[in-house]
Amino acid sequence: MSTKSHFLNAKFTESANSCVNFVFSRCQHSLSLSSISVCMAAVPVKMVEKPNKKQVLLFHCVESEELARKIAAQSDHIQLQSINWRSFDDGFPNLFINNAQDIRGQHVSFLASFSSPSVIFEQLSVIFALPRLFVASFTLVLPFFPTGSFERMEEEGDVATAFTMARILSNIPISRGGPTSLVIYDIHALQERFYFGDNVLPYFETGIPLLKQRLHQLPDADKIVIAFPDDGAWKRFHKLLDHFPMVVCAKVREGDKRIVRLKEGNPEGCHVVIVDDLVQSGGTLIECQKVLAAHGATKVSAYVTHAVFPKNSWEKFIHKNGENSNKDFAYFWITDSCCPTVKSIEKKAPFEVLSLAGSIADALQI
């Protein structure tokens, strides 16, 4: 065989070997990928599971007992606990937390009601004691933040008691689980969230979903218009009710009087529902009702989350002789955030109570 033939033979063998090696390596690579795929398919993929609901021990003050029972009825994961609310002969609290050793390592909550200055101190005493009992976490539910409307100073010397209350609650001791969770409904001014310190985690809820659910049940649900008594209420709630037509009223000064006027919107031929966060004497609501009726509203109702009604001012809204005249409110919806009021207006038209129990039960699982 010639030298040239040997050379060609060698080149051919080398090329053939290269092709074989390339094919073999590609097959190996494919087999490896297939093996990896098979292995990965063999490994079970863990789905992200929702955490199990925690067991919550719910303490409460005396006047919140009925609401506490409603909350506990919402879930098997909420258990009512008890406190002995007693007083010494001099009137100061003599308090005892029952089964204090059994709550160690448990998720604990307290349902408060600061309905008057006279009951605040005894509740604060319990609120400051519970997190120190080696609990896993502590949640304070204060549906109504009572000093919320006193959040600003108009002249030197005014005391912004909203800030004072926030500072007191910000000093609740830290539990083993960290800062206290503080649940409040429809606080008067949203900027008050910045009054609280880092030792508490404010969680702001609203009763508006309860109102929306009730409005959809009305026979004239397609004729509902939402009215706000002032710009403050509009700023507070309009985004939560933006699928309803709206009317805004305003207070204007005429001489020494402040008179309610219709600022924008048209209530004619509609069932108008006035929405605000709270009611005290109810004077503004009554003036709004007169203005709306004068502009053609067929019905006027009202909703407030917090029915404070000092000095039984709710009485002026009661239907006389059980009958509803054109000058009366068709409905007056409130929540059970102010427990003393709920007991007073029970079964008295036009009042209906939309309970916060379900919403609070959900908040306790956060």
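Modeller: Buried means under 20% relative accessible area, exposed over 50%, and partly exposed in between, with a 1.4 Å probe and protein chains only. This is a predicted model, so local features need pLDDT of at least 70 and side-chain atom pairs 80 or more, while totals for chains, interfaces and linings use all residues. Residues are numbered from 1 along each chain as its sequence is written, and side-chain values use heavy atoms, leaving out hydrogens and water.

Biologist: Okay, is Thr147 buried or exposed?

Modeller: Thr147 sits in the loop between strand E6 (137-141) and helix H4 (161-169); helices (H or I, at least four residues) and strands (E, at least two) are DSSP runs numbered from the N terminus. Its relative accessibility is 15%, so Thr147 counts as buried.

Biologist: Which backbone oxygen does the Thr147 side chain reach?

Modeller: Not counting residues up to four places away in sequence, Thr147 touches Ala162, Met165 and Thr161, where touching means heavy atoms within 4.5 Å. At 3.3 Å, the side chain reaches the backbone oxygen of Thr161.

Biologist: Which residue in E15 stands opposite Phe332?

Modeller: Phe332 and Ile334 point one way from strand E14 (residues 332-335), Trp333 and Thr335 the other, and all are buried. E14 runs parallel to strand E15 (residues 351-354), with four bridges joining them; strands pair if DSSP finds at least two bridges. Opposite Phe332 in E15 stands Phe351.

Biologist: And over in E4, which residue is the bridge partner of Ser87?

Modeller: Strands E3 (residues 83-87) and E4 (residues 93-97) run antiparallel, joined by five bridges. They form a hairpin with five residues between them, and Gly91 in the turn has a positive phi of about 95 degrees. Ser87's partner in E4 is Pro93.

Definitions and conventions: Polar contact = N/O pair within 3.5 Å; in protein donor to acceptor, adjacent residues only side chain to side chain.
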